Amino acid sequence: MQLLKERILKDGTVKPGNVLKVDSFLNHRMDIGLINEIGKEFRRRFPSDKITKILTIEASGIGIACIAAQYFHVPVVFAKKAQSINIDGEVYHTKVESFTHKKVYDVILSRKFLDPDDHVLVIDDFLANGCALMGLLDIIEEAGATLEGAGIVIEKGFQQGGQIIRQKGIHLESLAIIDTMTDTSLTFRE
Ligand code: 5GP
(Lines give C-alpha, C1' and ligand atoms only; values in the text may rest on other atoms or scores of the structure.)
Protein backbone atom coordinates (compact mmCIF):
# COMPACT_ATOMS: atom_id res chain seq x y z
CA MET A 1 0.00 0.00 0.00
CA GLN A 2 1.87 3.01 -1.35
CA LEU A 3 0.40 5.66 0.96
CA LEU A 4 1.42 3.62 4.00
CA LYS A 5 4.93 2.92 2.72
CA GLU A 6 5.48 6.63 2.04
CA ARG A 7 4.32 7.49 5.54
CA ILE A 8 6.62 4.90 7.12
CA LEU A 9 9.55 6.36 5.18
CA LYS A 10 8.60 9.90 6.17
CA ASP A 11 7.71 9.45 9.85
CA GLY A 12 8.89 6.02 11.01
CA THR A 13 12.02 5.78 13.16
CA VAL A 14 14.12 2.75 13.96
CA LYS A 15 14.89 1.99 17.61
CA PRO A 16 17.43 -0.49 19.03
CA GLY A 17 16.27 -4.10 18.96
CA ASN A 18 14.69 -3.95 15.50
CA VAL A 19 11.75 -1.89 16.70
CA LEU A 20 10.11 0.44 14.20
CA LYS A 21 8.41 3.37 15.89
CA VAL A 22 5.32 4.57 14.11
CA ASP A 23 3.72 6.23 17.09
CA SER A 24 3.28 9.58 15.35
CA PHE A 25 0.64 8.13 13.00
CA LEU A 26 -0.35 4.55 13.88
CA ASN A 27 -0.22 3.50 17.48
CA HIS A 28 0.02 6.48 19.79
CA ARG A 29 -1.10 9.52 17.82
CA MET A 30 -3.39 8.04 15.21
CA ASP A 31 -3.86 9.52 11.72
CA ILE A 32 -7.48 8.59 11.16
CA GLY A 33 -7.42 9.53 7.46
CA LEU A 34 -4.58 7.08 6.87
CA ILE A 35 -6.11 4.38 9.08
CA ASN A 36 -9.38 4.79 7.19
CA GLU A 37 -7.52 4.05 3.94
CA ILE A 38 -5.94 1.04 5.70
CA GLY A 39 -9.43 -0.16 6.63
CA LYS A 40 -10.63 0.13 3.03
CA GLU A 41 -7.56 -1.70 1.78
CA PHE A 42 -8.18 -4.60 4.19
CA ARG A 43 -11.75 -4.82 2.86
CA ARG A 44 -10.45 -4.88 -0.72
CA ARG A 45 -8.05 -7.71 0.13
CA PHE A 46 -10.63 -9.68 2.14
CA PRO A 47 -13.83 -9.31 0.11
CA SER A 48 -15.50 -12.43 1.56
CA ASP A 49 -18.97 -11.86 2.93
CA LYS A 50 -18.56 -14.86 5.25
CA ILE A 51 -16.60 -12.81 7.81
CA THR A 52 -18.66 -12.38 11.02
CA LYS A 53 -16.06 -10.94 13.39
CA ILE A 54 -12.79 -9.08 13.46
CA LEU A 55 -10.43 -10.24 16.20
CA THR A 56 -7.46 -8.25 17.45
CA ILE A 57 -5.32 -7.93 20.58
CA GLU A 58 -5.01 -4.97 22.90
CA ALA A 59 -3.79 -2.34 22.75
CA SER A 60 -2.60 -1.05 19.41
CA GLY A 61 -4.71 -3.35 17.23
CA ILE A 62 -8.00 -2.07 18.60
CA GLY A 63 -8.27 1.32 16.90
CA ILE A 64 -7.20 -0.06 13.53
CA ALA A 65 -9.63 -2.99 13.80
CA CYS A 66 -12.51 -0.66 14.71
CA ILE A 67 -11.99 1.58 11.71
CA ALA A 68 -11.62 -1.42 9.40
CA ALA A 69 -14.76 -3.03 10.84
CA GLN A 70 -16.89 -0.23 9.45
CA TYR A 71 -16.14 -1.61 5.96
CA PHE A 72 -16.99 -5.18 7.01
CA HIS A 73 -20.10 -4.32 9.05
CA VAL A 74 -19.13 -6.81 11.75
CA PRO A 75 -18.25 -6.43 15.45
CA VAL A 76 -14.70 -6.23 16.76
CA VAL A 77 -13.60 -8.43 19.64
CA PHE A 78 -10.22 -7.99 21.24
CA ALA A 79 -8.15 -10.37 23.32
CA LYS A 80 -7.11 -8.83 26.62
CA LYS A 81 -3.68 -9.05 28.18
CA ALA A 82 -3.82 -9.98 31.87
CA GLN A 83 -0.86 -10.02 34.29
CA SER A 84 -2.29 -12.87 36.33
CA ILE A 85 -5.65 -14.52 36.05
CA ASN A 86 -7.89 -17.19 37.42
CA ILE A 87 -8.90 -19.30 34.49
CA ASP A 88 -12.51 -19.90 35.42
CA GLY A 89 -13.81 -21.57 32.30
CA GLU A 90 -15.55 -18.39 31.17
CA VAL A 91 -12.67 -17.40 28.93
CA TYR A 92 -10.51 -18.71 26.13
CA HIS A 93 -6.91 -18.47 27.24
CA THR A 94 -3.47 -18.48 25.67
CA LYS A 95 -0.04 -17.04 26.32
CA VAL A 96 1.76 -14.50 24.15
CA GLU A 97 5.33 -13.27 24.38
CA SER A 98 5.48 -9.56 23.69
CA PHE A 99 8.13 -8.62 21.15
CA THR A 100 8.40 -5.03 22.35
CA HIS A 101 8.19 -5.66 26.13
CA LYS A 102 9.92 -9.08 26.25
CA LYS A 103 7.30 -10.39 28.68
CA VAL A 104 4.91 -13.32 28.51
CA TYR A 105 1.29 -12.32 28.94
CA ASP A 106 -1.77 -14.37 29.63
CA VAL A 107 -4.29 -13.42 26.96
CA ILE A 108 -7.99 -13.99 27.42
CA LEU A 109 -11.23 -13.60 25.52
CA SER A 110 -14.69 -14.16 26.92
CA ARG A 111 -16.32 -17.31 25.55
CA LYS A 112 -19.49 -15.28 25.08
CA PHE A 113 -18.00 -13.34 22.21
CA LEU A 114 -16.60 -16.02 19.91
CA ASP A 115 -18.24 -19.32 18.98
CA PRO A 116 -18.03 -22.14 16.40
CA ASP A 117 -20.31 -20.31 13.94
CA ASP A 118 -17.92 -17.40 13.63
CA HIS A 119 -15.76 -16.69 10.59
CA VAL A 120 -12.92 -14.55 11.85
CA LEU A 121 -10.60 -12.01 10.27
CA VAL A 122 -7.62 -11.19 12.50
CA ILE A 123 -6.20 -7.67 12.31
CA ASP A 124 -3.08 -6.32 14.02
CA ASP A 125 -0.62 -3.47 13.64
CA PHE A 126 2.65 -5.45 13.40
CA LEU A 127 3.81 -8.93 12.54
CA ALA A 128 7.32 -9.69 13.83
CA ASN A 129 8.00 -13.16 15.25
CA GLY A 130 4.36 -14.08 15.02
CA CYS A 131 3.65 -14.67 18.73
CA ALA A 132 0.70 -12.28 18.96
CA LEU A 133 -0.91 -13.68 15.80
CA MET A 134 -0.34 -17.31 16.86
CA GLY A 135 -1.96 -16.54 20.20
CA LEU A 136 -5.03 -15.21 18.40
CA LEU A 137 -5.09 -18.31 16.18
CA ASP A 138 -5.02 -20.47 19.35
CA ILE A 139 -8.08 -18.65 20.64
CA ILE A 140 -9.93 -19.12 17.33
CA GLU A 141 -9.08 -22.82 17.39
CA GLU A 142 -10.19 -23.16 21.01
CA ALA A 143 -13.50 -21.54 20.07
CA GLY A 144 -13.94 -23.92 17.11
CA ALA A 145 -14.40 -20.86 14.87
CA THR A 146 -13.18 -20.55 11.27
CA LEU A 147 -10.18 -18.40 10.43
CA GLU A 148 -10.78 -16.39 7.23
CA GLY A 149 -7.39 -14.68 7.22
CA ALA A 150 -5.07 -12.20 8.88
CA GLY A 151 -4.56 -8.56 7.92
CA ILE A 152 -1.41 -6.88 9.18
CA VAL A 153 -0.49 -3.23 8.73
CA ILE A 154 3.31 -3.63 8.92
CA GLU A 155 5.13 -6.95 8.57
CA LYS A 156 8.81 -7.05 9.40
CA GLY A 157 9.73 -9.51 6.68
CA PHE A 158 13.18 -10.15 8.12
CA GLN A 159 11.60 -11.80 11.17
CA GLN A 160 10.05 -15.24 11.07
CA GLY A 161 6.33 -14.58 11.71
CA GLY A 162 5.21 -14.08 8.10
CA GLN A 163 6.91 -17.23 6.89
CA ILE A 164 5.43 -19.35 9.70
CA ILE A 165 1.93 -18.08 9.04
CA ARG A 166 2.15 -18.46 5.22
CA GLN A 167 3.52 -21.99 5.61
CA LYS A 168 0.35 -22.88 7.49
CA GLY A 169 -1.59 -21.93 4.35
CA ILE A 170 -3.26 -18.98 6.09
CA HIS A 171 -4.42 -16.08 3.92
CA LEU A 172 -2.08 -13.37 5.22
CA GLU A 173 -2.18 -9.84 3.83
CA SER A 174 0.41 -7.35 5.02
CA LEU A 175 -0.01 -3.81 3.72
CA ALA A 176 3.70 -3.02 3.98
CA ILE A 177 6.42 -5.64 4.25
CA ILE A 178 9.80 -4.36 5.40
CA ASP A 179 12.72 -6.33 4.01
CA THR A 180 15.61 -4.45 5.56
CA MET A 181 15.78 -1.91 8.32
CA THR A 182 18.71 0.06 9.75
CA ASP A 183 18.94 3.43 11.55
CA THR A 184 19.31 5.19 8.24
CA SER A 185 17.55 3.09 5.63
CA LEU A 186 14.48 0.96 5.16
CA THR A 187 13.46 -1.14 2.16
CA PHE A 188 10.12 -2.73 1.30
CA ARG A 189 9.27 -5.96 -0.45
CA GLU A 190 7.53 -5.34 -3.77
P1 5GP B 1 5.15 -10.61 17.26
O2 5GP B 1 4.24 -11.20 18.28
O3 5GP B 1 4.74 -10.90 15.84
O4 5GP B 1 6.60 -10.88 17.53
O5 5GP B 1 5.01 -9.04 17.44
C6 5GP B 1 3.79 -8.43 17.15
C7 5GP B 1 3.38 -7.49 18.24
O8 5GP B 1 4.49 -6.82 18.82
C9 5GP B 1 2.47 -6.43 17.65
O10 5GP B 1 1.19 -6.60 18.24
C11 5GP B 1 3.11 -5.10 18.02
O12 5GP B 1 2.33 -4.48 19.00
C13 5GP B 1 4.47 -5.43 18.59
N14 5GP B 1 5.59 -5.12 17.67
C15 5GP B 1 6.41 -6.02 17.06
N16 5GP B 1 7.37 -5.41 16.38
C17 5GP B 1 7.14 -4.09 16.52
C18 5GP B 1 7.82 -2.93 16.02
O19 5GP B 1 8.85 -2.97 15.31
N20 5GP B 1 7.30 -1.72 16.36
C21 5GP B 1 6.20 -1.61 17.16
N22 5GP B 1 5.76 -0.37 17.42
N23 5GP B 1 5.54 -2.69 17.65
C24 5GP B 1 6.01 -3.91 17.33
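Which element gives the most to the lining of the largest pocket? In this predicted model, the answer is strand β7, with four residues. The pocket is a good place to begin a tour of the structure, and its lining can be described by position, by secondary structure and by chemistry.

The largest pocket holds about 740 Å³ of space. Its lining is made up of 31 residues. Nearest the centre of the pocket lie S60, S98, F99, T100 and D125. Besides β7 (119-127), the elements that each supply at least two lining residues are β2, α3 (60-72), β5 (91-97) and α4 (131-143). By chemical class, the lining divides into 14 nonpolar residues, eight polar ones and nine charged ones.

Helix α1, which spans residues 2-11, offers a neat example of a two-sided helix. Its buried residues are L4, K5, R7 and I8. These four lie on the same side of α1, because they cover an arc of only 160° around the axis. A general property of helices is helpful here: an α-helix has 3.6 residues a turn, so residues three or four places apart point the same way. On the face of α1 turned away from the buried side, the exposed residues Q2, L9 and K10 are found. The buried residues of α1 are covered by several elements, including the helix α2 (32-45) and the strands β2 (19-21), β8 (146-156), β9 (172-181) and β10 (186-188).

Strand β8 also contains T146, a residue that can be followed a little further. T146 counts as partly exposed, at 32% relative accessibility. Once neighbours within four places in sequence are left aside, T146 is in contact with D118, H119, V120 and I140. The C-alpha atom of T146 is separated by 7.6 Å from that of D117, although the two residues are 29 apart along the chain.

Cysteines complete the picture. A disulfide is a covalent bond between the sulfur atoms of two cysteines. The structure holds zero disulfides. As for solvent accessibility, C66 is partly exposed, with a relative accessible area of 39%. C131 is likewise partly exposed, its relative accessible area being 31%.

Note on methods
Residues numbered from 1 in each chain as written. Predicted model: local features only at pLDDT ≥ 70, side-chain atom pairs only at ≥ 80, totals over all residues. Heavy atoms only, no water. Buried < 20%, exposed > 50% of the residue type's maximum accessible area, 1.4 Å probe, protein only. Arc of directions from axis to C-beta. Contact = heavy atoms within 4.5 Å. 1 Å grid on protein atoms, 1.4 Å probe; cavity = no way out; pocket = protein on both sides within 12 Å on 5 of 7 lines; lining within 4 Å. Points joined across faces, edges and corners; volume = space filled by probe spheres on them. Nonpolar A, V, L, I, M, F, W, Y, C, P; charged D, E, K, R; others polar. Disulfide = S-S within 2.5 Å.
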